[in-house]
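Trainee: I have a model open and would like to learn how to read the places where its parts meet. Could you walk me through it?

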Amino acid sequence: MGIQIKNVSKSFGSVKVLKDISVDIKSGELIALLGPSGSGKTTLLRILAGLEGLDEGTILFDGEDITNVSPKERKIGFVFQHYALFRHMNVFENVAYGLKVRPRKTRPSKKEIERKVNELLSLVKLENFQDRYPSQLSGGQRQRVALARALAVEPKVLLLDEPFGALDAKVRKELRRWLRQLHNEFHVTSIFVTHDQEEALDVADRIIVMNNGKIEQIGTPDEVYENPKSPFVYDFLGNVNIFRGRLQNGKLKQGQFEINAPHYLDSHDDAVGYARPHDILIEKEQVDNETVPAKISFIHIVGPTARIELKREDNGEYLEAELPKEQFKNLQIQKGEVVYVRPKQLKVFIPEDFSI
Amino acid sequence: MTKPLDVDRKMPIVKKAVSNPYPLKESAIVKWSLITISLLYISLFLILPLISIFVTALEKGWETYVASIVHPDALAAIKLTITVALIVVPLNAVFGIAAAWLITKFTFRGKNLLVTLIDLPFAVSPVIAGLIFILLFGAQGLFGDWLFEHDIKIVFALPGIILATLFVTFPFVARELIPLMQTQGITEEEASISLGASGWKTFFYVTLPNIKWGLLYGLILCNARAIGEFGAVSVVSGHIRGETNTMPLHIEILYNEYQFTAAFAVASIMSILAILTIIIKHIASWKAKEF
C-alpha cells in the first residue's frame, strides 16, 4: 500500500513536534525514519498508525483519505518499542489476538486461527515457545512475538517503533537481517523508526532523515550517505572531521591550508568542510598546501582498521582518521609523531545550509 | 559496632567483614528485642481483644450464643448489612474502574482535581458524611419537601444507608487501581486497538485481566469497610430496630442495653467476616505480586 503524508503538523502544547511534513511512500518500500530523539520521528509513526491525532494535514493510504479513520480500521501492524505483549497471554494467544477479536462475520474458524498462528510462529522460529508467557522470553524472542502478532492481521502497512532499540548488539544485527529477509518475502510497506544510522543504512530502501520536526533529507542509503544535503545529515550519518575556512574562487582556505571546493564559486567568510574519517589520508612529508600538519595523539587498532586521533598543529582541533591496518603498517607512524593530513573528499557547507 | 581507629597493626582488619558479611545484619540482642516488642504489641492490642470477643460471646454457653444470633433483630441487622454491601461494592467497583481508567489512560483538564476529590471521603469524618445526607434529603433538608411530596424515603431508610456507605467507601477501588494502571501504562491497550480490537474488547481482554488482582484487593477493602461502617450510617439510619440497624449499630444498641453476651455474639460474626477478609486479601495481594 502506498502512503502519502501531506503537510502534516502536530504540536504537544506549545511545542511543535512536526512542522509541515510531506512524504510519498511507494507500495512495498522499506523506509527508515532516522533522527535524534525529539526529532518527531516516533510521533509521525504514531500518527500514521492513528494512535496520535494530527493538527493539520492529511494522510492517504492508496489515495484514500484516512486522516480521521480509527486505528483499528487502518489495517496496520504496529510493533512497539518495548513490545507491548499482553502479559497475561501466552505466545500463542498473543499472536492469535488480532484474529480472535475480529467481529464474528470476518473471524476465521478456530482451526484456521491455529493454522495461521503456527505458520507465523514457525516463521519467527518460536514454534516450541507457544505456551510460554512474555516474562519467560528473552528480549529478542519477545520482539519476534511482537512481529508475528502484528503480521497475523495481514497488515497493509507494518510500522515499527525502534524495533531493535532495547536489544544487545548481536541480536540486533541478527534481527535486522531477518527483518530485511521478511520484507523481501512479503513486500508489505514497512516503516521503522530508529536513531541508529547504521541500522537505517543497513536495512532501508530509503531513509527519511528528520531533525527538529522537519525532514532534512529523503533518499536511498547511498544518496544520504554520499550526498548529504545539510551539515546535520552529514553529521548524523557518521563520524566527521571539520575543516573551517574561507571560501574563495572555488577553494577553501585557512592559513597555509588550501583545498579545492569546486562546487562553490562564490565567496564566503566562514564555510565548513566535512570529511569522514575514512576519507582522510595521512602523509609523512608535506608535498602541497592541501594538507594540514597534525600530531598523532592516539592510535587504536581493532580488527582490520586502525583509528588514529590527531591534533592539528595550527589550531589545536582534533581530527580522526581510519585506515586499513596494512596501510597503517606501511606508514610506520607512531604516537607523538607529526604527520600531514589530507582530506580526500571534502563536502563544503556555507552558513545558509546550517539554517535549514 | 564501630570500633575506634585501631593503631595496633597486628589486629586483623578484615576480621569484622568476614564474621559479618551482610551489611544489614543486626546483632542478636537487637533482633530478639525487636521481635519481642512487636509480638507483645500485637498480642496485647490485636490478638487479646479478638480472643476476648469470642470468650465473652460464648461465656453463657453455646445456646445463648446461637439464640442471640438467630434473634429476629440480629438476623435483620445481618441481612441489612449484607444487602448494603451487595449493592455498594458492585457500584463502587464500576465507579472505581471508570475513574481509574479515565485518570490513567487519558489526559484532560481537571484531572488533578478529580484525583483529589476521590480522596475526599478519606479526609472527611464519617459523621460529617452522614450529616451531609441528612442536610440534603432530611425532612428539613434541601430536597426534603420534594421527597415528602413524592413519598420517597431516603434518610432513615435503606437508600440513605446505601448512600452514606457509598460515600465512605468510594475511594477504595479507585485508589487501589490508579497506581497499578499507571505503572502498566497504555501500550498494551494501544497494541490491542492497532490489532483491530474495539474499546470494549480491549477492556475485557486486555485491561481487566491485567488489573484483576488489584481490583479484587480493592473490592475486599471496600467490602470490609462497607460492612463495618459505623459513623456515617449511624447518622442516617435512625436506629429502627429490625429495620434500619446494620450489624455495627445493632452491636452498639445491645451493648448500651447491657446485653454483653448478645453484643459480643454479633461482634464475633463480624470478626469472623473480618478474619476471612484478611485471608482473602492476603491471597489476592500475593497473587497480584506474583502476577
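**Reading two interfaces**

Mentor: Gladly! This is a predicted model. Let's begin with the parts of one chain: the domain assignment splits chain B into domain 1 (23-57) and domain 2 (61-290). Their centres, taken over C-alpha atoms, lie 31 Å apart.

Trainee: How many residues does each domain of chain B bring to the contact?

Mentor: Domain 1 of chain B brings five residues and domain 2 of chain B brings nine. Together they bury about 610 Å², with carbon and sulfur atoms giving 81% of that area.

Trainee: Which three residues supply most of what domain 1 of chain B buries against domain 2 of chain B?

Mentor: Look at Ile53(B), Phe54(B) and Ala57(B), which supply 71% of that area, more than any other three residues. By class, this side of domain 1 has four nonpolar, one polar and no charged residues. Between the two domains there are zero salt bridges and zero residue pairs in polar contact, counting pairs with both residues at pLDDT 80 or more.

Trainee: And what is buried between chain B and chain A?

Mentor: About 1,800 Å², of which 62% is on carbon and sulfur atoms. Here 19 residues of chain B touch 22 residues of chain A. There are two salt bridges between the chains; one of them pairs the side chains of Arg87(A) and Glu188(B), at 2.7 Å from N to O.

Trainee: Which helix of chain B gives the most to the side that touches chain A?

Mentor: H11(B), with seven residues. That side of chain B has eight nonpolar, eight polar and three charged residues.

Methods: Residues are numbered from 1 along each chain as its sequence is written. Chains are lettered from A and ligands numbered from 1 in the order in which they are written. This is a predicted model: local features need pLDDT of at least 70, side-chain atom pairs count only at pLDDT 80 or more; totals for chains, interfaces and linings use all residues. Side-chain values use heavy atoms; hydrogens and water are left out. Domain bounds come from an automatic or database domain assignment. Contact means heavy atoms within 4.5 Å. Buried area is the accessible area (1.4 Å probe) that two parts lose on being put together, summed over both. A salt bridge is a side-chain nitrogen of Lys or Arg within 4 Å of a carboxyl oxygen of Asp or Glu. A polar contact is a pair of N or O atoms within 3.5 Å; within protein, one must be able to donate a hydrogen and the other to accept it, and residues adjacent in sequence count only if both atoms are side-chain atoms. Ala, Val, Leu, Ile, Met, Phe, Trp, Tyr, Cys and Pro count as nonpolar, Asp, Glu, Lys and Arg as charged, and the others, Gly among them, as polar. Helices (H or I, at least four residues) and strands (E, at least two) are DSSP runs, numbered from the N terminus.
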